[in-house]
Structures are given as C-alpha cells and as structure tokens.
Number of protein chains: 2
Amino acid sequence: MFLQTFETYNSINERELKDKNVVVIDTLRATSVITTALYNGAKEIIPVSEVEEAIELVKSLDKKTYLLAGERNSTKIEGFDLSNSPLEYTREKVENKTIIFTTTNGTKALKKVSLADNVILGCLLNASAVAKYIYTSNKDTVIVCAGTEGKFSFDDIITAGVIYKKLQDLMKFESDDLSKACYFLYKPYEDNLYEIMKEGYHFKRLKDLGYDEDIEFCLTVDKFDIVPKLKDGIIKNSADL
Amino acid sequence: MFLQTFETYNSINERELKDKNVVVIDTLRATSVITTALYNGAKEIIPVSEVEEAIELVKSLDKKTYLLAGERNSTKIEGFDLSNSPLEYTREKVENKTIIFTTTNGTKALKKVSLADNVILGCLLNASAVAKYIYTSNKDTVIVCAGTEGKFSFDDIITAGVIYKKLQDLMKFESDDLSKACYFLYKPYEDNLYEIMKEGYHFKRLKDLGYDEDIEFCLTVDKFDIVPKLKDGIIKNSADL
C-alpha cells in the first residue's frame, strides 16, 4: 500500500485518483460535522459548492425531510437551518434527515475528488475508523487536505499525521514525503494535540470567533467509529453502502 | 515581517512575489552547489532550464572562461565539465569562472521566480547568512522550495525550518502554516538533522546512487557565510552586487 498526501485539492491531478481510496480531511470543521451528523443518524449529506446551488436543490424537496447547512467565512449562512458547528448536529435535529451542506473549503475539496472510485471522509473524530477502512481495503490511498483559503492548513495536516500513526499500528506501508512530514510533525504532540494545533492560522481564526467548544470537540480523537463515504454525489455512513 | 513558504514552485503565483524577498531552496543539491561555487570564487552562475539552452549559450563564449555544469535525474550530463556534486566545485576548478548550470528541479524553480525583485538562494550551508539577509532587509519573505519531481521534499522543508529558527533568533515575525510546520518538523531534530532527513525520498535516492559524501556535505549547517543572489538572470555573491 502506498500513501500519498496533498496539502490542498489544488495540487491534485484527478486522473491520479483512479482505483485508489481518497480520504478528504477538513478537520475544522466540515468533515468533523459530517461525521458527527451521520453518527447521530442523519440519512445522508449532499455536499454542494455554492449557497445558490443548495437553495435551488431544496426547492423540489419536502421541508420536513431536509436541513440546509453550512458556512461562509466560518459563520452561519442567513436562512440556513444549521451552521458548521458539529455541536448543532444532535440526534434530535438530524436523525433521518437529508442535509444539504456547503462550506468554504471542505465541500469544494469533495467536488474536486468526486470522480474517484472510493471517497471517504476523515477527521480526528474517526481517525482509527479511517485507518481501519484503508487497512481493510488494502488499496493505494490518497489523503486530500481541504486546506484553508487554498493553502496548507495545520489542522488537516496534523489529522493526516494521526491517521498515518493509526495505520502504522495496523500494517506496513510506503508513503510520500508529505505523508511522513504529517506524521513526524504530529508525533511529538501525540499526548497534547492542542499544543501543536494552536499554531495554525485557521485554529486561531476560529478561536478569535469564539468557537472554543467546537475546537475542543473536533480535536477529540476516535470519538466515532464510522466512516462517511461519498457515492454518486451523496455522503452516507459507509456501513450503509 | 511576514514569512510564507511554498513546498514547490508550482503553487506560486508570480504576482505575489512583488516587493518581497524570495528565497529559493534546493538543498539536495542545486542551491548547495551554487553556494559552494560562489564561496570558492566562481565569478557567476547562469541558471538555465534545458541542456540544449546551456549548449547554445556557451557557443559564443571563450572556453577558458566557463564551465558547463548540472545534472539530469541526479547524474552528470554527457560532455559537461561538472556534475551536481558540491564536492567538485573546488576553488581550483571554479575560481573566476562563469558556470552555466542546469538541474532537474533547482534551476526551474529559479526561472519561475526570476521576475521577483530580490531572489536569493538558501541551503543548510548558508542558513544563518540567509536569515541575516532577511533580517537586514526587513521585507516580507517568500521561501520557495524546489521540491522533487514537482512534490513536497523533506530536504527543502527541513532547510526552511532551519532558516525559520535562525530568523527567530534574530527577530520577531509572523508566518503562514507551512513555515511553522517546517520549523516544528525540524525542531526535535535540531542536534541530529540526519535522523529526520533520512526519511525523505530524494535523500534515499541519492544515497542509493552512492552520494553519501554529497549528502554529508549538504547537511552541514552554516559552513559558508555568503548569500547567492539572482539578478538579471545571473547569480552572484550578494556581497558583490
């Protein structure tokens, strides 16, 4: 198995993804939100790139069946039911619902890789579950970090490092330099992720906006044993596919 | 001062470089070679992207005044005077010579940033000299790693981390996430760079080719107190410009 990591979706050549697992990471907060929503019983998540696309899509749906969700520039979109805070995605709110979801970086990364065979979503909340999925599939794997504003983002890179470590506990594999860098960057902070995460621009931005509880939640490793999977434009719990 | 780092020249927007220092890093081995050559008295280095371009360029030159130098796929180019090994660039060979130089990654990175105002070359050999240059100029600075085969390369990234540390000893500055990642990746290996460098693909490739002495040389921190600078397509010791 060969593991490759891309720091943003900009540097991806879509043809390189064929016949591989693709793991999209947007720890703060899109993939953490989606993992939480599915764990709490959401029926499915439909990622869309643009706010207008989300509004257009729900016109044909029964209001009882869906929730409009997402953010722009880290804040809630006017008229939407849910923001990009995982704490809002309680079982009470999301169970059996279709969630139409748009975020600045995460959903764009998902669109970019949607042609790949096997797209799963990773974050710290499900790091071990993702590693187990890769191990079981035994396919070459490409980690695609969502990044922040088109750039290398600490939170995603550290998460890639955690997944690398979990995978290392399960199997031997080869990897590219960025995958190894993620691991070696994370390794000294294994028992205190917060210490390294706090250096990141996006972390600081969310902290300045007062999202301390969101950060704490998203930094919890292995809270949920599920793997969200994108298929035909819809994200479901991989166990249901 | 704001410090930004790019893992390869592919992700650079040339317009972003205006009015900034640009530090090009290709530790294994182009910028190490150029630094060594200038330290040993070479008159100037003319970087060219293609082998044919180098051959064309020297047609109009007196054979006593220049040396053809460089590599393709880490090995010497047929008919060239020097390879990409810094050990060959002795004072005896290079003093007062113009060196026409082409390498797989390094010279391409130099071409890409050549429109910027202030392009200097960094490696481990001159890490402190580069930090001092940045400190003295007090301009926003962009580190551009040459990378290996268009990808994130450990050797360049660790060098960026060393320059970050040297700069931190001189001044306070802000930086982007990748700059910080370089520093935090390097930090635990401050006293044993070899230990982290050996994880890199390019390092392993050079080792497999038997370039152990080159590696050892290129991994020496602060051997030379000079800063190569690119101006009008020619690289000279910045002290002479």
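# Reading contacts, salt bridges and a two-chain interface

Author: Setting aside residues up to four places away in sequence, A:Ser74 touches A:Arg29, A:His202, A:Arg205, A:Leu206, A:Leu209 and A:Tyr211. The model is predicted.

Reader: Where is A:Ser74 found in chain A?

Author: A:Ser74 is in the loop between β4 (66-72) and β5 (75-76) of chain A.

Reader: Is A:Ser74 buried or exposed?

Author: The cut-off for buried is under 20% relative accessible area. A:Ser74 has 6%, so A:Ser74 is buried.

Reader: Which side chain does that of A:Ser74 join in a polar contact?

Author: That of A:Arg205, at 3.4 Å. A:Arg205 is also one of the residues that A:Ser74 touches.

Reader: For comparison, take a loop residue of chain B. Where is B:Leu87, and how is its accessibility to be read?

Author: B:Leu87 is placed in the loop between β5 (75-76) and α3 (91-94) of chain B. Its relative accessibility is 36%, so B:Leu87 counts as partly exposed.

Reader: Which residues is B:Leu87 in contact with, leaving aside neighbours within four places in sequence?

Author: The contacts are B:Glu213, B:Asp214 and B:Phe217. As for spacing, B:Thr98 is eleven residues from B:Leu87 in sequence, and their C-alpha atoms are 17 Å apart.

Reader: B:Asp214 is on that list. With which residue does B:Asp214 form a salt bridge?

Author: With B:Arg29; the closest N and O atoms are 2.8 Å apart. B:Asp214 lies in helix α10 (residues 212-218) of chain B and B:Arg29 in the loop between β2 (21-25) and α1 (30-39) of chain B, so this salt bridge ties together parts 185 residues apart in sequence.

Reader: Are the two partners buried or exposed?

Author: B:Asp214 counts as buried, at 4% relative accessibility. B:Arg29 is buried too, at 2%.

Reader: What are the locations and accessibilities of the partners in the salt bridge of B:Asp225 and B:Lys132?

Author: The side chains of B:Asp225 and B:Lys132 meet at 3.3 Å, N to O. This pair links distant parts of the chain, 93 residues apart: B:Asp225 is in the loop between α10 and β10 (228-231) of chain B, and B:Lys132 is in helix α5 (residues 127-137) of chain B. B:Asp225 is exposed, with a relative accessible area of 56%, while B:Lys132 is partly exposed at 41%.

Reader: How many salt bridges does the structure hold over all chains?

Author: The total is 29. Salt bridges can also join into a network, as with A:Lys43, A:Glu44 and A:Lys236.

Reader: How many salt bridges does the rule find across the interface of chain B and chain A?

Author: Two. In one salt bridge, the side chains of A:Glu16 and B:Lys151 meet at 3.9 Å, N to O. That pair crosses between chains, from A:Glu16 in the loop between β1 (2-6) and β2 (21-25) of chain A to B:Lys151 in the loop between β8 (141-145) and α6 (154-168) of chain B. A:Glu16 is partly exposed, with a relative accessible area of 29%, and B:Lys151 is partly exposed at 30%. The side chains of B:Glu16 and A:Lys151 also meet in a salt bridge, at 3.9 Å, N to O.

Reader: How many residue pairs are in polar contact across this interface, and which elements of chain B supply its side?

Author: The rule finds six such pairs, with both residues at pLDDT 80 or more. β1 (2-6), α7 (177-186) and α9 (201-208) of chain B each supply at least two residues of the side that touches chain A. The largest share, six residues, comes from α7(B). That side of chain B divides into eleven nonpolar, three polar and seven charged residues.

Reader: How is the size of an interface given?

Author: Often as the accessible area lost when the parts come together. Here the area buried between chain B and chain A is about 1800 Å², with carbon and sulfur atoms giving 60%. B:Phe152, B:Asp177 and B:Phe184 lose the most area to chain A in chain B, together 34% of what that side buries. By contact, 21 residues of chain B meet 21 residues of chain A.

Reader: What rotation superposes chain B on chain A?

Author: A rotation of 180°, with 0.0 Å of shift along its axis and an RMSD of 0.0 Å. That is the relation of a two-fold axis. In chain B, the C-alpha nearest the axis belongs to B:Leu185, 2.5 Å from it. The copies meet through the same surface, because 100% of the interface residues of chain B are also interface residues in chain A.

Methods:
Residues numbered from 1 in each chain as written. Chains lettered and ligands numbered in written order. Predicted model: local features only at pLDDT ≥ 70, side-chain atom pairs only at ≥ 80, totals over all residues. Heavy atoms only, no water. Contact = heavy atoms within 4.5 Å. Buried area = accessible area lost by both parts, 1.4 Å probe. Salt bridge = Lys/Arg side-chain N within 4 Å of Asp/Glu carboxyl O. Polar contact = N/O pair within 3.5 Å; in protein donor to acceptor, adjacent residues only side chain to side chain. Helix = DSSP H or I, 4+ residues; strand = E, 2+ residues; numbered from the N terminus. Nonpolar A, V, L, I, M, F, W, Y, C, P; charged D, E, K, R; others polar. Least-squares fit on C-alpha atoms with pLDDT ≥ 70 in both. Buried < 20%, exposed > 50% of the residue type's maximum accessible area, 1.4 Å probe, protein only.
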